[in-house]
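Reader: I have a structure open and I'd like to go through its pockets and its interior. Can you take me through it?

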Amino acid sequence: MTEKEKDSLLQEAMTVLRGNWVDLKASTGFSKPAAHVYPYQWNWDAGFAAIGYSYFDIDRAIAELDALFSGQWENGMLPHIVFHTESHDYFPNQSFWQTKERNENAPRDVDTSGMTQPPIHAIAAWYIYQRLSQTDPARAQDWLDRMYPKLHNLHDYFYRERDQRNTGLMTIYHPWESGLDNSPRWDKSLAHLSPKERPEYTRLDTDFVDARFRPTDASYNIYVHLAELMRKVNYNDQKLQNNHPFQVEDIMLSSILHLATTHLIKIAEVLNKDTAEIKGWQSRFSTSVMKEAFSQEDQLFYDHDVLTEELIRIDTIATIAPIISGSIDKKLVRDLFSTLDTAGFCGSGTCQTSLLPSTSLSEESFNPQLYWRGPVWININWLIWIGLKNANHTERAKAMKQSLLSCLKEHGIWEYYSPEDLDGIGAQEFTWSAALAIDVLES
Ligand code: 2M8
């Protein structure tokens with residue numbers, strides 16, 4: 001890509017980010033994930049947005065994370081949506097969750113949902129710290145001082161409430177918590193549910209995006225049913241652990257948490273805090289992941305259904321997620337990629353990109369256009385790219401960087417892309433695709 005092309009992609013990405021920014025009172029604000037479809041602040045979207053903003057508008061990067069953490073619960077849980085504004089364009093909104101009324105840990109002055117998402121925020125906080133250190137070291141230090149207790153609470157929440165077997169493999173109670181909502185990874189664990197118990201509702205997402213690209217109505221009924229069950233126990237973690245009918249250890253979320261915990265340790269070290277507790281949390285994953293989540297037979301990693309005690313052997317991008325964690329050895333990273341190259345990922349005849357689709361083309365449920373069941377997502381490819389760089393797989397990382405940039409340049413800044421022709425799908429002018437384009441360009 002020429003310097004001119006890089007510059008035009010950078011300008012385009014900054015324009016997308018600025019376009020999705022929502023001003024709140026007193027110079028605060030947040031990024032909507034896209035101009036349409038998602039009107040509120042989402043958890044991991046905000047982390048990615050802050051990474052992008054850290055390069056060109058540090059005040060907004062800081063405001064983004066501040067706004068998100070204003071929704072953090074007393075017990076450390078960081079909700080998957082923070083409702084800073086009213087909107088009638090999305091279901092379920094604050095009137096469904098009723099978190100203030102139902103759980104004393106929920107913040108009093110802002111509405112939130114009652115579930116979480118992948119915790120990438122220590123990584124984003126570190127990006128902001130690095131930028132600030134170059135220009136204003138005192139502010140950089142203040143930033144970490146201020147964020148550390150919040151991030152510590154967030155990680156403590158996961159290792160305390162979601163690590164049921166002390167393995168560093170975190171349990172999710174709803175596909176929305178994974179961030180990869182519609183992935184076929186969850187199909188078998190959801191199949192036994194009869195989603196009768198749910199409120200009357202009207203989904204609004206398909207007013208903005210072609211229904212062919214979004215989860216089916218049957219999937220939505222299950223999402224609403226599970227959210228209803230979570231609401232019924234007032235989002236109490238202990239009750240969820242005892243009775244909830246969907247409990248899966250999510251290998252992708254756990255790998256992201258592991259990487260974020262490495263950043264939390266770096267932050268603690270800058271602040272001269274004792275890191276023994278955090279390192280203890282982190283060692284759970286490193287010591288257990290091969291034993292608990294790796295299939296010797298398939299030589300891939302899988303999620304684990306807590307209720308049936310089975311590995312969920314579905315071919316998706318999650319099978320190599322521990323590359324992101326930084327805790328598996330370089331040879332295994334290479335072997336995982338060789339498996340992908342010969343399977344239904346980059347190696348397949350109909351796959352036009354070396355970016356990784358969310359689901360293998362050889363998986364029965366693969367659909368090139370359906371949300372998390374096939375399309376290429378920028379954030380997941382970015383996370384794998386970070387993992388490749390951390391494992392010193394320089395050549396592979398370089399190739400992935402080029403593929404990310406040419407996809408964004410040639411096909412635009414979309415929510416997701418068909419792996420068959422890289423046509424953009426879902427929401428246009430998508431925040432995290434823009435934000436991560438900036439990081440890839442600037443790295
Ligand atoms: C998608 O999820 C929301 C529910 O949280 C939805 O489909 O309505 C997912 O892609 C999720 O990962 C993302 O955070 C969210 C906003 O971009 O959209």
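Reader: Let's start with the largest pocket. How many residues line it, and which lie nearest its centre?
Author: The largest pocket has 14 lining residues, and Leu24, Lys25, Thr28, Ser70 and His84 are the ones nearest its centre. On a 1 Å grid over the protein atoms alone, a pocket is an open set of points with protein on both sides within 12 Å along at least five of seven lines, a cavity is a set where a 1.4 Å probe fits but cannot get out, and lining residues have an atom within 4 Å of a point.

Reader: Before we go on, where do these values come from?
Author: This is a predicted model, so local features need pLDDT of at least 70 and side-chain atom pairs count only at pLDDT 80 or more, while totals for chains, interfaces and linings use all residues. Residues are numbered from 1 along each chain as its sequence is written, and side-chain values use heavy atoms, with hydrogens and water left out.

Reader: OK. What volume does the largest pocket have?
Author: About 320 Å³. A volume here is the space filled by probe spheres set on the grid points, which are joined across faces, edges and corners.

Reader: Which helix gives the most to its lining?
Author: Helix 3, residues 58–69, with four residues. Helices (H or I, at least four residues) and strands (E, at least two) are DSSP runs, numbered from the N terminus.

Reader: And what classes of residue are in that lining?
Author: Five are nonpolar, five polar and four charged. Ala, Val, Leu, Ile, Met, Phe, Trp, Tyr, Cys and Pro count as nonpolar, Asp, Glu, Lys and Arg as charged, and the others, Gly among them, as polar.

Reader: Now the closed spaces. How many cavities of 30 Å³ or more are there?
Author: Two, from a search of the whole structure. The largest cavity holds about 200 Å³ of space, and the second largest has a volume of about 50 Å³.

Reader: What lines the largest cavity?
Author: There are 21 lining residues, with Tyr38, Trp42, Gln117, Asp181 and Tyr371 nearest the centre. Helix 2 (43–53) and helix 10 (217–232) are the elements that give two or more residues to this lining. By class, the lining of the largest cavity has 14 nonpolar, three polar and four charged residues.

Reader: And the second largest?
Author: Its lining includes Trp73, Met115, Arg162 and Asp237. Helix 7 (137–162) and helix 11 each give two or more residues to the lining of the second largest cavity. The classes there are six nonpolar, two polar and two charged.

Reader: Different topic: aromatic rings. How many aromatic pairs are there?
Author: The count is 33. Rings of Phe, Tyr and Trp (its six-membered ring) pair if their centres lie within 6.5 Å; planes under 30 degrees apart count as stacked, over 60 as edge-to-face and the rest as tilted. One of the pairs is Trp186 with Phe246, which is edge-to-face at 6.2 Å centre to centre and 85° between the planes.

Reader: What does that pair tie together?
Author: Trp186 is in the loop between helix 8 (175–178) and helix 9 (187–190), and Phe246 is in the loop between helix 11 (237–243) and strand 7 (248–249), so the pair ties together parts that are 60 residues apart in sequence.

Reader: Is Trp186 buried or exposed?
Author: Buried, with a relative accessible area of 0%. Phe246 is also buried, at 0%. Buried means under 20% relative accessible area, exposed over 50%, and partly exposed in between (1.4 Å probe, protein chains only).
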